[in-house]
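Hello,

Here is the structure I promised to pass on to you. Please have a look at it first, and then read my notes below.

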There are 2 protein chains.
Amino acid sequence: MDEAEPSAAAPLVGLAAAILAATLDEPRVLTVPVAGQPAGRGEGLPAGPLEPAHPTLERGLRAWVERQTGQSLGYVEQLYTFGDRDRRRDGRDEGGQHALSVAYLALVREARPAADATWQSWYRYFPYEDRRAGRPPALDAVVARLEAWAEEAASPAEGRRRGDRIGLTFGAAGGWNEERVLERYELLFEAGLVPEAGAADSLAGQAMAFDHRRMLATALGRLRGKIKYRPVVFELMPPAFTLGQLQRVVEALSGVLLHKQNFRRLVAQQGLVEETESVTAETGGRPARLMRFRREVLLERPAPGLRLPAGRAG
Amino acid sequence: MDEAEPSAAAPLVGLAAAILAATLDEPRVLTVPVAGQPAGRGEGLPAGPLEPAHPTLERGLRAWVERQTGQSLGYVEQLYTFGDRDRRRDGRDEGGQHALSVAYLALVREARPAADATWQSWYRYFPYEDRRAGRPPALDAVVARLEAWAEEAASPAEGRRRGDRIGLTFGAAGGWNEERVLERYELLFEAGLVPEAGAADSLAGQAMAFDHRRMLATALGRLRGKIKYRPVVFELMPPAFTLGQLQRVVEALSGVLLHKQNFRRLVAQQGLVEETESVTAETGGRPARLMRFRREVLLERPAPGLRLPAGRAG
DNA sequence: CCGAGATATGCTCATAATGAGCATTTACCC
DNA sequence: GGGTAAATGCTCATTATGAGCATATCTCGG
């Protein structure tokens, strides 16, 4: 995987994938066990080194993912390249070779776990990101710890800066912005509140191997932003679905609830979907019409997406 | 620079920067001469290999830029990591080592060229991206060539796909989306209409060394998108400026004209700026009040930016 | 000093987009 | 048949947008 042994002064380049899906109204990420990690950090993302045989970065990534999880990828998008020394905190700055990791976001429909790979809810790693049931109770403890960290800053100015960042990312100021997943994680990291940064407990969610949780945070933030201006949600949906299902997936991804009638009005007037002839025998209630994604929308609108409102509702 | 000689199977990692500024109402990019390139491709972005002495990717980038151009960078953001085989067309796929390039976007206020570095207008490289004076005449020839390329597709289906992409990116369908700079460049590249892809002429703008024009396209697209939801324009502005200057800079970046009164209403109601006491003796016309960026807006709004309208006006 | 030309600013107005609800329909379960 | 659960259809008040009209102030050429 990444963090392999040095062989020369040339950098090592790893590839890693945050593979996301949404099944049963719960957002999922595909994880694999990682050996040789500290306790509580044995979960990771599918990953492996870039090899000379790989024709491109993305092809190399697909190869690693299929080998490790049996999952073949559809939609793939590069996220970010993480440098090692940004990532490590163990002070290994003596000028050795670098180890980079190019992280990708992948969206898949079916969850077909293979080998030791397992699908986990996102919110296992970021419990405070799920606000579908209102403000998560875990949040209070987290924010309290963050505020203590702000208090103990070296200077008052630094303390104020920390306080501002807490307010900005965790919502005291201007409400909750669901896209700031990475900023929230980084704040927790800097405050030493996650095991990846040396914390003893996992107050703020399950830890991961290496810097994989940072990559996952990057992926979630990117996806949450992108559904607003690109019809990427449909990469996660089956070919036919009801508007209710679509809404629940969007809510699962964004972590906030939406006003039902307005949601369907939005989807309809954006021309994102079209009716099929069939309906479903849902769980309870009136049967819903099955819809399908209208590909033509890509040619009609400059930025077709589901611009979610800032607010929330039932 | 990148594309250096192979030394092992380990990948080579390069760093490159698209350093952008806006002076005299014209958007600029800092370029350096690149030796050993084909004719017409002697211009490039500041770049250099990642070295073991570099503490982080970004610090390495800053070091290279200062060494090559004397410019110190303020705002820096990672753009994308380009893999070599995605980049090259010379068929060197025999399984050698990889050469990657991590590209960055940097925004600076003052243009202080040093050594051989020079500031050039963006639109030297992408003439068809500047619509401030209306639809650029160069565009017709470009689109005509693209359409010819679509015609000569192997299959009708592929031809239709190409036609759709042309319409989508160059505006036949759904109007002009100023953010799709990269998609437009890639289309031209695929169609073989740029020197980087083997074209003899530079019908679609000045070429650059390596894949630097692709990086620049990525940078422009990112910036054009980002000004809409983050107050990054102010990284390009002096401490005090008039609303007219701000508007002209935004227009220069986005390449489209905006309705003046609505622009100032937007800026005002978003709370992005505050008045200073002073006014300017402009070129002609009534003196304008000098404004400054209101940093506090970062704490107040979730996504403070200048969401430009789709349309344009005088 | 006057009028033209060039901006900067203030305001108005029609239309579209949003945020919240109310009211009906149509299944399924007792 | 009555109750519960969704899915749908519509309405309404509030904002946000896109376009203009009207004024205010400078500079410049006569």
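A base nitrogen of DNA strand D lies 3.0 Å from an N or O atom in the side chain of B:Asn262, which is a polar contact (a pair of N or O atoms within 3.5 Å; within protein, one must be able to donate a hydrogen and the other to accept it, and residues adjacent in sequence count only if both atoms are side-chain atoms). For B:Arg265, the distance from a side-chain N or O atom to a base nitrogen of DNA strand D is 2.8 Å. B:Arg286 uses its backbone instead: a polar backbone atom there is 3.0 Å from a base oxygen of DNA strand D. The elements that give two or more residues to the surface near this strand are helix 8 (260–269) of chain A and helix 8 (260–269) of chain B. Helices (H or I, at least four residues) and strands (E, at least two) are DSSP runs, numbered from the N terminus.

Before you read on, please keep in mind that this is a predicted model, in which local features need pLDDT of at least 70 and side-chain atom pairs count only at pLDDT 80 or more, while totals for chains, interfaces and linings use all residues. Residues are numbered from 1 along each chain as its sequence is written, chains are lettered from A and ligands numbered from 1 in the order in which they are written, and side-chain values use heavy atoms, with hydrogens and water left out.

Back to the DNA. There are 18 residues around DNA strand D, and A:Arg264, A:Gly285, A:Arg289, B:Gln261 and B:Arg265 come nearest; a residue is near a strand if one of its heavy atoms lies within 4 Å of it. Of the atoms of DNA strand D that come within 4 Å of the protein, 48% belong to sugar and phosphate. The surface near DNA strand D is made of four nonpolar, seven polar and seven charged residues. In this grouping, Ala, Val, Leu, Ile, Met, Phe, Trp, Tyr, Cys and Pro count as nonpolar, Asp, Glu, Lys and Arg as charged, and the others, Gly among them, as polar.

What about DNA strand C? It has 20 residues around it, and A:Gln261, A:Arg265, B:Arg264, B:Gly285 and B:Arg289 come nearest. Here sugar and phosphate make up 51% of the strand's atoms within 4 Å of the protein. A:Gln261 has a polar side-chain atom 2.4 Å from a base nitrogen of DNA strand C, and a side-chain N or O atom of A:Asn262 is 3.0 Å from a base nitrogen of DNA strand C. B:Arg264 reaches the backbone of the DNA, with a side-chain N or O atom 2.8 Å from a phosphate oxygen of DNA strand C. Helix 8 of chain A supplies four residues, the largest share of the surface near DNA strand C. By class, that surface has four nonpolar, nine polar and seven charged residues.

Now to the charged pairs. Side chains of opposite charge can pair when their charged atoms come close. Over all chains there are 48 salt bridges (a side-chain nitrogen of Lys or Arg within 4 Å of a carboxyl oxygen of Asp or Glu). One of them joins A:Arg222 and A:Glu77, whose closest N and O atoms are 2.8 Å apart. Because A:Arg222 lies in helix 6 (residues 212–226) of chain A and A:Glu77 in strand 5 (residues 75–82) of chain A, the pair ties together parts that are 145 residues apart in sequence. A:Arg222 is partly exposed at 30% relative accessible area, whereas A:Glu77 is buried at 10%. Buried means under 20%, exposed over 50%, and partly exposed in between (1.4 Å probe, protein chains only).

In chain B, B:Glu77 and B:Lys226 form a salt bridge at 3.1 Å, N to O. This pair also links distant parts of the chain, with B:Glu77 in strand 5 (residues 75–83) and B:Lys226 in helix 6 (residues 212–226), 149 residues apart. Both B:Glu77 and B:Lys226 are buried.

Finally, A:Glu26, A:Asp130 and A:Arg132 are linked in a network of salt bridges.

Best wishes
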